[in-house]
Structures are given as structure tokens and as C-alpha cells.
Amino acid sequence: MKEASVKCVIKDPLTSRYVLILETKDGFYIPIKIGVFEAEAIYTELNQIVPPRPMTYDFITGILSAIDDVKVEKVIIEDYEDGIFKASLYLVNGSSCKVIDCRPSDAIALSLRVKSPVYIEEVVLSKCKCFTKDCIKGETGADILEEILTDQGTTYWDV
């Protein structure tokens with residue numbers, strides 16, 4: 001199992017769909033297609049944009065913080081089948097742990113707000129279309145993803 005963090009949320013210019021890019025500590029990128037609302041929730045949290053009223057994930061975070069001794073321990077992206085990622089959210093209350101089936105985008109939007117780690121099972125890396133930094137170098141050796149990220153903010157808000 002590898003720990004991952006959110007690299008960015010980008011908009012695919014060909015399909016106009018949003019893609020969440022996760023990055024493992026050893027250099028794998030995992031692209032996950034997500035919905036527009038989840039993309040907005042992740043993007044606003046990454047960029048510390050405070051909406052005028054709490055968004056859904058802010059509301060859920062507020063509920064969890066109001067309940068004594070309940071915390072999101074971790075998120076695990078456990079499997080990938082037929083183009084669908086499957087994740088679980090681990091809620092801990094004292095010595096009790098509840099595992100909740102969820103979409104990775106929902107779990108990650110919440111984990112960013114409560115500062116819980118995200119892990120990816122090795123089997124996911126072998127099944128999905130992940131890639132490494134080395135395989136996305138341009139002809140000049142420049143990192144193509146970094147170039148895309150430079151334009152990412154503009155692309156995102158051109159919805």
C-alpha cells in the first residue's frame with residue numbers, strides 16, 4: 001500500500017471532463033475521472049478558497065467535528081474494475097472503527113478537509129492507467145505534467 005497526495009485537478013480539454021491526479025511518494029501519478037462538483041470541492045480546498053456558505057464536504061466536516069472522538073483515520077483506494085475506482089473511508093470512534101464504501105473523489109474531498117492520509121493498494125496501480133514522471137517527459141526533457149499544471153488554474157475556471 002502506498003501513501004498518495006493530490007497533485008491537482010485538471011479539465012481534459014478534449015472531453016471537458018475533470019481529472020483528479022494523485023501522486024504517490026515514489027513518483028506514480030494516478031488519474032481519476034471525477035464529477036464537476038467533486039472537482040470544485042477538491043480545487044477550492046487545495047487553493048484555500050472559502051465559499052460564502054459551507055459546501056457539502058465542509059458541512060460533513062462540521063458534523064464529524066461536532067461528534068466527540070470521531071475522526072477520519074484514513075482513505076484507501078482499494079480496487080479498480082471496469083474503469084471504476086473503489087475506495088473506503090475509515091471512521092474511528094474510540095476503539096471502534098467503521099469502514100464506509102465510497103467514491104474516491106468524495107473520500108478525498110473529505111480527507112483534504114480533515115487532514116487524513118490517502119493510501120492506494122498496489123493492485124490498483126497494476127490495474128489502472130497510472131504513469132510515472134519519467135514517462136511524461138517532453139522532447140526537451142521538460143516535465144509535461146508540470147507544464148499542464150502551470151495552465152491548470154486558468155483551464156479550471158474557464159468552465
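A salt bridge here is a side-chain nitrogen of Lys or Arg within 4 Å of a carboxyl oxygen of Asp or Glu. Keep that in mind for the pair I start with, and keep in mind also that this is a predicted model.

The pair is Arg103 and Glu38. Their closest N and O atoms are 2.7 Å apart, and they form a salt bridge. Arg103 sits in the loop between strand S6, 96-102, and helix H3, while Glu38 belongs to helix H1, residues 36-46, so the bridge links distant parts of the chain, 65 residues apart. Are the two partners buried or exposed? Arg103 has 45% relative accessibility and therefore counts as partly exposed. Glu38 is buried, with a relative accessible area of 10%.

There are 9 salt bridges in the structure. I will go through two others.

One of them again involves helix H1. The side chains of Glu45 and Arg113 meet at 3.8 Å, N to O. Glu45 is in helix H1 and Arg113 in helix H3, and this pair too links distant parts of the chain, 68 residues apart. Glu45 is partly exposed, its relative accessible area being 23%. Arg113, at 11%, counts as buried, because the limit for buried is under 20%. The pair also belongs to a network of salt bridges that links Glu45, Asp58, Arg113 and Lys115.

The other is at the hairpin end of things. Lys25 and Glu3 meet through their side chains in a salt bridge of 3.6 Å, N to O. Lys25 lies in the loop between S2 and S3, and Glu3 lies in strand S1, residues 2-11, so the pair ties together parts that are 22 residues apart in sequence. Lys25 counts as exposed at 72% relative accessibility, and Glu3 is partly exposed at 31%.

Now helix H3, since both Arg103 and Arg113 brought us to it. Helix H3 runs over residues 104-114 and is mostly covered, with 9 of its 11 residues buried. Among them are Pro104, Ala107, Ile108, Leu110, Leu112 and, as already said, Arg113. Ser105 is also in this helix. How accessible is Ser105? Its relative accessible area is 6%, so Ser105 is buried. What does Ser105 touch, leaving aside neighbours within four places in sequence? It is in contact with Ile34, Glu38 and Ile42. Glu38 is therefore a partner we have met before: it is buried at 10%, and it also takes part in the salt bridge with Arg103. After the helix comes Lys115, whose phi is positive, near 60 degrees.

Next, the core. In soluble globular proteins, nonpolar side chains tend to be buried together. The largest nonpolar core in this model has 36 residues. Which residues have the most contacts inside it? They are Leu20, Leu22, Ile30, Ile42, Ile77 and Ile108. Ile108 is one of the buried residues of helix H3. Leu20 touches, not counting residues up to four places away, a list including Val6, Val9, Ile30, Ile32, Ile34, Ile42 and Ile108. There is also a second, separate core, of 6 residues, which includes Cys8, Val19, Ile21 and Tyr29.

On to the strands. Strand S2, residues 18-24, and strand S3, residues 28-34, pair in the antiparallel sense over 6 bridges. Within that pairing, Glu23 stands opposite Tyr29. The hairpin of S2 and S3 has 3 residues between the strands, and Gly27 there takes a positive phi near 95 degrees. S3 has a further partner: with strand S8, residues 131-132, it pairs in the antiparallel sense over 2 bridges. Tyr29 of S3 stands opposite Phe131 in S8. Tyr29 thus appears in both pairings, opposite Glu23 and opposite Phe131.

Last, the rings. How many aromatic pairs does the structure hold? It holds 1. That is Tyr80 with Phe85, a tilted pair, 4.5 Å centre to centre and 55 degrees between the planes. Both of these residues are buried. Separately, Lys74 lies over the face of Tyr90, at 4.8 Å from the ring centre.

To close, back to the first pair: Arg103, partly exposed at 45%, bridges to Glu38, and Ser105 in helix H3 is in contact with Glu38 as well.

Conventions
Residues numbered from 1 in each chain as written. Predicted model: local features only at pLDDT ≥ 70, side-chain atom pairs only at ≥ 80, totals over all residues. Heavy atoms only, no water. Buried < 20%, exposed > 50% of the residue type's maximum accessible area, 1.4 Å probe, protein only. Helix = DSSP H or I, 4+ residues; strand = E, 2+ residues; numbered from the N terminus. Core = buried A, V, L, I, M, F, W, Y, C linked by side-chain atoms within 4.5 Å. Contact = heavy atoms within 4.5 Å. Pairing = 2+ DSSP bridges. Phe/Tyr/Trp six-rings, centres within 6.5 Å; stacked < 30°, edge-to-face > 60°. Lys NZ or Arg CZ within 6 Å of the ring centre and 35° of its normal.
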